[in-house]
Amino acid sequence: MNRFIPFFRSLTFLFVSALLFVACDSTDPGETGAGEEEVISNVTITLTNPADNSTVTAEAVFDEAGVEQSVETIALTPGVTYDGVITLRNRFEGEDITEEVDDERDEHQFFYVAQGGVSNALTVAITDTDSNGFPVGLAFTIEVTSGASGSGDLRVVLGHYDERPKEANETIDTIPETDIDFTYPVTVG
Amino acid sequence: MGVFLIAAGLHSGVLSANAQSIRGRVLDATTQAPLAHANVVVADTRRGAATSADGGFAIDGLPPGTYLLAAQYVGYETALRTVEVVAGRTATVEFPLNPSPLAVEEIVVRAGMTEEELLTRARQSVATLGPDVLERTRGQTLGETLKQLPGVTTMQTGPSISKPVVRGLHSQRVVVLNAGVPQEGQQWGGEHAPEIDPFAPARIEVVKGAAGVEHGVGAIGGVIRVEPRVLPTTPGLGGRVDLNGFSNSRQGAGAVLIEGAPAQVEGFAWRAQASVRKAGDAHTPDYVIGNSAFEERNGALALGYQTARTGLKLYASRFATELGIYRGSHVNTLSGLRRAIDRDRPAVDYAFSYAIDAPKQSVTHDLVSLKGVHRLPRGDRLEVQYGIQRNHRQEFDAHRRGGDPLDEPAFDLTLNTHTLDAKWRLPPRRNAFGVVGLSGMNQANVNAESGYLIPNFRALTGGAFAHGTWIPGNWTLEAGARFDTRWMKAFPRADGAFERRTHAYRSLSGVVGGIWQFAPTWSVATNVATAWRPPSVNELYSYGVHHGTAQFEIGDATLSSERSIGVDATLRHVGDRVRLETSFYTNWMNDFIHLFPTRDTLVTIRGVFPAFQHQQAQAVLRGLDGHVEFDLRPAWAVGARASVVRGTNVAANMPLIGMPADRLVLHSTVRLFEGRRLRTSELRPELTLVRKQTRVPEGVDYAPPPAGYALVGVQYHADLQVGNTPLQVGLSIHNLFNTRYRDYLSRWRYYIDEPGRTLVVRVRIPFGTAASGG
C-alpha cells in the first residue's frame, strides 16, 4: 500500500493545481474582444431639398442585440420632393455597413412604406438599381403632397436575398431574410 | 429408491414443486463473517433470494434439476455454484465470497444487475437499459434510445437533435454522467443534444427525481448515467463490428470495437472503439425536411490496470458532429414565424441531399478521465476520478451580413471543464455502510472572436457529501446530506464593452429514503430529496432573439438559486410471470426559473418581438410513470409503460409550458422458433399512443399544441450462428403506417411534420474472444 501513497499524493497535487489554475484567466475578454457581431447599430436617413439644398436627417440607434435605443422624427414640408439616402453603421466596430450593401446590391433591397396619418401624403420612389436593373433603395425620393399635414410613420425594411436570387417586383412579404424592419415617426406640415 | 424418487419428481414436477429447496449461506471468504443482503440468483430463471442477517438464504419451489446459482454482493466477486436439486430434498450450498480485486467501475446502488436487487436496493425510481435493449436500438441518438424508459421523453429538434426530458425536466436540470464524469456542454440550449456516441454505452441508467446528494448541483430532475463496457478480465483479443442502415434519411452507421487483455501483463486491459454515421435529409410522409442531414465521427480509448488492491483506468473519448438545421425553422422576425406557421409545410420543395448547409451546428466534445481506486486492508475503498473536458460548439446561421454564412459562425463557444471527485467508501459494519466524498469543478467558457450568445465566464464549484445506508431486516433506510458552493465571474456585454460581474451561491442538498420489502416479490420504496442549482449563465445574461422561436429572451442577473423538494413512492413487483414498477411523485420547485412573457413588446431593428424574461416562481410537477410486463406463455410476453406529468406554475395558477403529453406504450414480445443456426429470434410489435397536450398556458405560444397521435412499430431481432461466428441481426420499422404527426415537444412542430416510415437494419459481427465468449 505504501508505494501507492506517493502516487495518490502526486495525483492530488495535480488536481489541486489544476483547480487553482486561475491566475492567468482565459475567460477575461481581451483586446480582440469576445464575441463580436456584424450588427447594424445606427441607421440614418438624410433627405435633401433640391430647391435650397437644406437637409433633414433622422438617426435610429440600436444596441448590440438590435433593441431600439432612440429614433429621431423626420419632419417634412408639404410640396417638396426630397432626394434621400440611407446609411448604415456599426458603431461598436466603427464599420460602414452601407458599403457592404452597396457591394452586394444584387442581394439587397430596401422598402419604404408610409403608414398611418401620412400614408397618403408621401410617395416614395427608389432611384438606384442593381446589375439586373432591379431596385436597391440606397437612394430614393420622397414626394410630399402639397397641402398635406399630419403625422404617421415611415417603415424601413431591408431584405437580404442570399437564399434565392432577388427578382423583379419583390415585396416585403416575400423577403427571405430580413436585415432591417423598423419605423421612423414622420410629421408633415 | 433414490432413482424412483427422481423419476417421480420428473414425472410430477408440478405436484412436488414445493417439496424441494435450496438452503445456503453467503460469507466473507477471509473473515468467515456472514454477509447480509447479498443476492443469490438462479441463472436462467427469475428466481432468487436475499440473505438474512446471518447470511442465510432459502429458495423454494424449484423443479428438480441442475441449476447454476450466483451469489453477488457489493465489493465482492460474484461466486457461481452448480447445485443439483433432487425432488423432496434440501440442497445446501455455501458461498464464501472474495473481495473483488478491483472494479474501477464505480460500485453504485444500481438497478438492473438482477431484478431481485431492484426490489431491495433502488430507493428511487431507477430505469435501466441493459446491453440487450441497447443492441436493439443501436445507432439511434441517445435521446431516442432513452425514450423507451417510462417517465423519459425527448425534446426534438429534427431527426439529429434529441434531448432527454426526465419527468418534465431537462437541460441544466438533468445531470448526464458519461463514464462517471458529469458531461459539461452548453446544456442550457434546448437544441443542444448530449454529446454522446450512441454506440459507446453498454448500459444506461436514468435516476428519476432529485439526486443532489450523490451528484451535486443541477441534479434536480434526474441523472442519466451512461456506462461504457467493462474492460475484459480474461486474456485474449476480441471485438465486434456493428453496421446499421436507416432508410428514411438513407443513413449509414458503423462501429468497430477491439479489446484485449494481454496474457503477459496480468491485470492490464484495453479497448479501442470508433464509430461513424452519415445521414441525409429526413422525409416526412409528404416532403423532404431540407437541410436535416448530419454526420458523426466518434472514438474512444480505455486502458485499465488492476491489482488485488489498486486499480487505474484511463478513458479518453471524442464526439464530433456536424448537423444541419431545417432551413425553414430559422426565422428571425415575428412576421416570418407567423408566415411559416400559416404555411404549415416548407416553402420550398426540397430535394434529398447529404449536404449540410447553413444553418448548422458543428460540435466536438473531448473527454479524458483518470480514475484510481484503492482498497485499504480494513476494507475501506478510496476512489479518485479526475476528468477534463473540452466542448467546442459552433453554430452557423442561415444568413450572415456581408458574406457566406459558413465562413464565420454566429457563435463559437469553447467550454473547458476540470472535475475532481474523491470518495471514501467505508466497509460495511453490521447492517450499515456509508460513503463520504469531495468534489470540485473548474469551468471556463470562452467566446471566439466572432459571434456572441452568452458571455465568457468562469465558474468554480466545490462540494462535500456523506451518505449512509442501513439495512435492518426487510427494510433499507438511507440518508445523506451535501453542501455545495459555486463562485462565478461573467463578462456580459455593455454597449460595446464588457462588464465583470461576480456571483456566489451556496446551499444544501439532502435525502431520506426507505425501502420495505413487504413480501418476497414485492417492495415499496419512498424517498424525500431536495436538490438545488444556481441560475445558469443564459438565465442570468441572455439578451437577444432566439432563432426559430422569435422570442426576445432577457436574462436577469439577480436571479437566485432554484430548489426542488421531491417526494417519490415506487411500488415494485418481480414475480415469476409479472414484473411491475409504478412511481408517483411530486416535485415542488421553489424559485423555478423559467421564461415568462412580459407585457411589453420590444422594438428592434428587425421588427417587434414579444419579450420573454427569465423569472422565478413557485411551481409543482406531479406525475406517475411505470411499466408492467406479463408473461402470457413462456415465449410470449405483453407489457405496457406509461408516463403522465402535470406541471403547474403555482404563483400564476397556470400550466407550465413545454410539459410532455401523456404517453402510453403497449408492446408484445414473441419468441419465435429456435434452433442450432437460428439460436434465438424475437418479434416485438409496439403501439405508442400520445395524447394531445391540453394543459398549456394561454396566450404564450404561437400555435396550439398538435393533435395526439398513434404510432406502430415492429422490431425483429435474431441471434444466428454462421460457422463459428455468432451474428446478431435486427430489423425494425418505425412509424409503420407512415403516419403524419407532430409532437408537442418538437421544436419544429410549428413548421413541419415528424419523419415518416423508417426501416432500420442492424448487424453485429463479433470476433475473437467476443465471438467465443458471447
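A salt bridge here is a side-chain nitrogen of Lys or Arg within 4 Å of a carboxyl oxygen of Asp or Glu. With that in hand, look at A:E64 and B:R493, whose side chains meet in a salt bridge with N and O 3.9 Å apart. Please keep in mind throughout that this is a predicted model.

That pair is a good way into the contact between the two chains, where the count is 1 salt bridge. On the side of chain B that touches chain A, strand β23 (residues 432–447) of chain B gives the largest share, 7 residues. Sorted by class, this side of chain B has 22 nonpolar, 20 polar and 11 charged residues. Taken together, the contact draws 50 residues from chain A and 53 residues from chain B. The two chains bury about 4,600 Å² between them, and 56% of that lies on carbon and sulfur atoms. Polar contacts are part of the picture as well: 7 residue pairs with both members at pLDDT 80 or more are in polar contact between chain B and chain A.

Let us step into chain A for a moment. Chain A has 2 helices and 11 strands, and their order along the sequence is α-β-β-β-β-β-β-α-β-β-β-β-β. Of its 189 residues, 44% count as buried. If you take the contacts in chain A between residues at least 6 apart in sequence, 68% of them join residues at least 24 apart.

Now back to salt bridges, this time across the whole structure, where a search over all chains finds 45. Several of them in chain B are worth a visit. Start with B:R425 and B:E383, whose side chains meet with N and O 2.8 Å apart. B:R425 sits in strand β22 (residues 411–429) and B:E383 in strand β21 (residues 381–396) of chain B, so this pair ties together parts that are 42 residues apart in sequence. Both B:R425 and B:E383 are buried.

Next come B:E539 and B:R533, which also form a salt bridge, at 2.9 Å from N to O. Are these two buried or exposed? B:E539 has a relative accessible area of 5%, so it counts as buried. B:R533 has 2% relative accessibility, so it too counts as buried. The setting of B:R297 is another matter to check: this residue forms a salt bridge with B:E295, the closest N and O atoms being 2.9 Å apart. At 40% relative accessibility, B:R297 counts as partly exposed. Salt bridges can also join into a network, as they do among B:R167, B:K208, B:D568 and B:D625.

Side chains of opposite charge can pair when their charged atoms come close. With this in mind, turn to B:R271, in strand β17 (residues 268–279) of chain B. B:R271 is buried yet has no salt bridge. Why is there none? The nearest side chain of opposite charge, B:E259, is 4.1 Å away, and a salt bridge must fall within 4 Å, so the pair is not counted. What does the side chain of B:R271 have within reach instead? One of its polar atoms lies 2.8 Å from the backbone oxygen of B:R229. Leaving aside neighbours within four places in sequence, the residues in contact with B:R271 include B:P228, B:V230, B:L231, B:L257, B:I258, B:A300, B:L301, B:A302 and B:Y315. B:R229 and B:E259 also belong to that list of contacts.

Finally, some backbone details in the loops of chain B. The peptide bond from B:A358 to B:P359 is cis, with omega near 0°. B:P359 is found in the loop between α6 (334–343) and β20 (360–375).

Two other loop residues have a positive phi without being glycine. B:S171 has phi near 55° and lies in the loop between β10 (161–166) and β11 (174–178) of chain B. B:R250 has phi near 50°, and its place is in the loop between β15 (236–246) and β16 (251–261) of chain B. Their surroundings can be compared through accessibility: B:S171, at 6% relative accessibility, counts as buried, whereas B:R250, at 46%, counts as partly exposed.

Note on methods. Residues numbered from 1 in each chain as written. Chains lettered and ligands numbered in written order. Predicted model: local features only at pLDDT ≥ 70, side-chain atom pairs only at ≥ 80, totals over all residues. Heavy atoms only, no water. Contact = heavy atoms within 4.5 Å. Buried area = accessible area lost by both parts, 1.4 Å probe. Polar contact = N/O pair within 3.5 Å; in protein donor to acceptor, adjacent residues only side chain to side chain. Helix = DSSP H or I, 4+ residues; strand = E, 2+ residues; numbered from the N terminus. Nonpolar A, V, L, I, M, F, W, Y, C, P; charged D, E, K, R; others polar. Buried < 20%, exposed > 50% of the residue type's maximum accessible area, 1.4 Å probe, protein only. Lys, Arg positive; Asp, Glu negative; His and termini not counted.
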